[in-house]
Amino acid sequence: MKKLLPGAAVACILASPSLAADAAIDVGRIARDIQVLSSDEFEGRGPATAGEKKTVAYLIEQMKNAGLEPGGDLKGGTRAWTQDVPLSRSVTKGAVTATVRAGGETQTWTQGEQIAIRASQVSGNRLTIKDAPVVFVGYGVTAPERNWDDFKGYDLKGKVALVLVNDPDFETGQGDFGGKAMTYYGRWTYKFEEAARQGAVGFLVIHETAPASYGWATVKNSNTNEIFDVIRKNPREAHAPLEGWIQRDNAVDLFRKAGLDFEAAKKQAQTRAFRPLELKGVTFSTDHAIDAQTVVSKNVVGMVRGKSRPNERVFYTGHWDHEGISLPDAKGDRIYNGAVDNASGTAALLELGRAFVKSPRPERSVVFLAVTAEEKGLLGSEYYASNPLYPLATTVGVLNMDGMNVVGPTKDVSMSGDAPLTLRDDLIAAAKTKGLYFSPDTRPEAGSFYRSDHFPFAKKGVPAISFGAGDDLVKGGKTAGEAAAAAYIRDRYHQAADEYDPNWDFTGFKQEVELFYDLGWKLANSRTWPEWKPGAEFKAERDKTRAQRK
């Protein structure tokens, strides 16, 4: 879940009819779906686990019962309920430790405490690094269009690099990267990609809560269990052998023992003049076993076929997966149930399918796509966008739901990132008709636009958004809404405590689902095509296929 939504979204667009009585959103049914999907029986819905099998079977059963058609892979001339998603899966075996030598002393770091090492995706069945020199590379950015290069030709082969999370502008809110709003250069995924391009033996991201936008518990839980990726011809082009995170205090200690000041080095890294700094006398070692396999996970696909233009398709998306079984929390709980993230969005997806089946048949087709492995790097949606079941050129738009409102209605609505496209205008208009206002992303530094399943579609040019409620709660205003969001991030996000709560307020949830319905209905019965606005980074990609849209 990448945009945390404490409040409710709104209802209706003028061109969309109200839900018919028999198609009304049923919060009791939604609650039951969340309870089932986030129960311990489903084991945290990890991809390629027994939990996945139960989840996929449940989703298919519910889609069948709703009256949807299967919309997945073509098998023998007919559509299946699923799309196969082949993935590489890596998991560490046995104890994982790291040995660091600094200032003439040897330290042993424990997995999940001082360091979070991801299972290597390029090292076969064992990762061995012995006394690799450690280098600080600032924010680890190569951005020629901004005349920015943190590496300056420095040879990282055989070395482990320490890198800061987020963009060089994060601390000051101004500079060459657009201020506080995170660019893709600030994402940890970019940092690891750049490590591979630079030939480093490893990249370790220095964790700081504010620029990361989440605490160490989230880092630990997301990086010390199974690691997945799409199947690549040459994994070394995308991954260094060592990828991971370290705690800020441990990084500061290494700098000190190398005769450097961490804060001074970070300040220097915020300038174009920065050059890599070798931490003299500091080396890194690790040696542990890895179990690497190829697995097949599943996207689940249902649809309502359009009446007059069935080859034009509106997509609803939401990821069904969560973190599965991982390290125990303070209470010994090892099942990461993911009730809000994203059993709630999956339940909303099912309910939307039921509502469309009971509504008058739309002119365009509507597809309900529950994707796998979002928590592993948006892999299910990435795979679909690269291997679409239906042409992307005639995909009208994507409405993604990732973590729904469970704390009550708000006075505003918002999006994950503020992408310049006409779907955003539709959302603003819908809010206005209900007396609700639009709030720009309240945490642009978190890079929400790059962190949910609409993004792989957007990269391919398809107009795609994730949206939901703002922070201005009807009861308590922004103070209460911001507090609710902060508490969720701190206490439950990617933690075992993200469990179903019978005390949740589903009033706002219902309004939010109704907004998804109304916006989708408008798109499905329109002859217009959403567009990226001039200057949008994905407009050129979409424009390549303009002739295919009548």
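This passage walks through a central strand, the nonpolar cores, one helix and one buried arginine in a predicted model.

A good place to start is strand β12, which covers residues 202-207. All 6 of its 6 residues are buried, so the rest of the structure largely encloses this strand. In a regular strand, side chains alternate between the two faces of the sheet. In β12, Gly202, Leu204 and Ile206 point one way, while Phe203, Val205 and His207 point the other way, and every one of these is buried.

Strand β12 has parallel partners. With strand β11 (residues 160-164) the pairing is parallel and runs over 5 bridges, and Leu162 sits opposite Leu204 of β12. To get from β11 to β12, the chain passes through helix α3 (residues 188-198), making a right-handed β-α-β crossover. Strand β14 (residues 242-247) also pairs with β12 in the parallel sense, over 6 bridges; here Gly202 faces Leu242 of β14.

Next come the nonpolar cores. The largest one holds 92 residues, and the members that touch the most others are Phe203, Trp245, Tyr316 and Phe368. Helix α8 (residues 339-358) is the biggest giver to this core, with 10 residues. A second core, separate from that one, has 39 residues, among them Val134, Phe177, Val201 and Leu204.

Phe203 deserves a look of its own. Beyond its neighbours within four places in sequence, Phe203 is in contact with Val137, Phe151, Leu156, Ala161, Val163, Lys191, Phe192, Ala195, Leu242, Glu243 and Gly244.

Now to helix α1, residues 27-37. Its buried residues are Arg29, Ile30, Ala31, Asp33, Ile34 and Leu37. An α-helix has 3.6 residues a turn, so residues three or four places apart point the same way. The cover over the buried part of α1 includes α2 (50-66), α8 and α13 (507-524). Where α1 begins, a side-chain oxygen of Asp26 comes to within 2.9 Å of the backbone nitrogen of Gly28.

Last is Arg89, which lies in strand β4 (residues 82-93). Arg89 counts as buried because its relative accessibility is 13%, with the cut-off set at under 20%. Leaving out residues up to four places away in sequence, Arg89 touches Glu226, Ile227, Phe228, Asp291, Ala292, Gln293 and Val295. One of these, Glu226, makes a polar contact with Arg89, side chain to side chain, at 2.7 Å. As for Val295, 206 residues separate it from Arg89 in sequence, yet their C-alpha atoms are 6.6 Å apart in space.

Terms used
Residues are numbered from 1 along each chain as its sequence is written. This is a predicted model: local features need pLDDT of at least 70, side-chain atom pairs count only at pLDDT 80 or more; totals for chains, interfaces and linings use all residues. Side-chain values use heavy atoms; hydrogens and water are left out. Buried means under 20% relative accessible area, exposed over 50%, partly exposed in between (1.4 Å probe, protein chains only). Helices (H or I, at least four residues) and strands (E, at least two) are DSSP runs, numbered from the N terminus. Two strands pair if DSSP finds at least two bridges between them. A crossover is right-handed if, with the strands pointing away from the viewer, the path from the first strand over the helix to the second runs clockwise. A nonpolar core is a set of buried Ala, Val, Leu, Ile, Met, Phe, Trp, Tyr and Cys residues joined through side-chain atoms within 4.5 Å. Contact means heavy atoms within 4.5 Å. A polar contact is a pair of N or O atoms within 3.5 Å; within protein, one must be able to donate a hydrogen and the other to accept it, and residues adjacent in sequence count only if both atoms are side-chain atoms.
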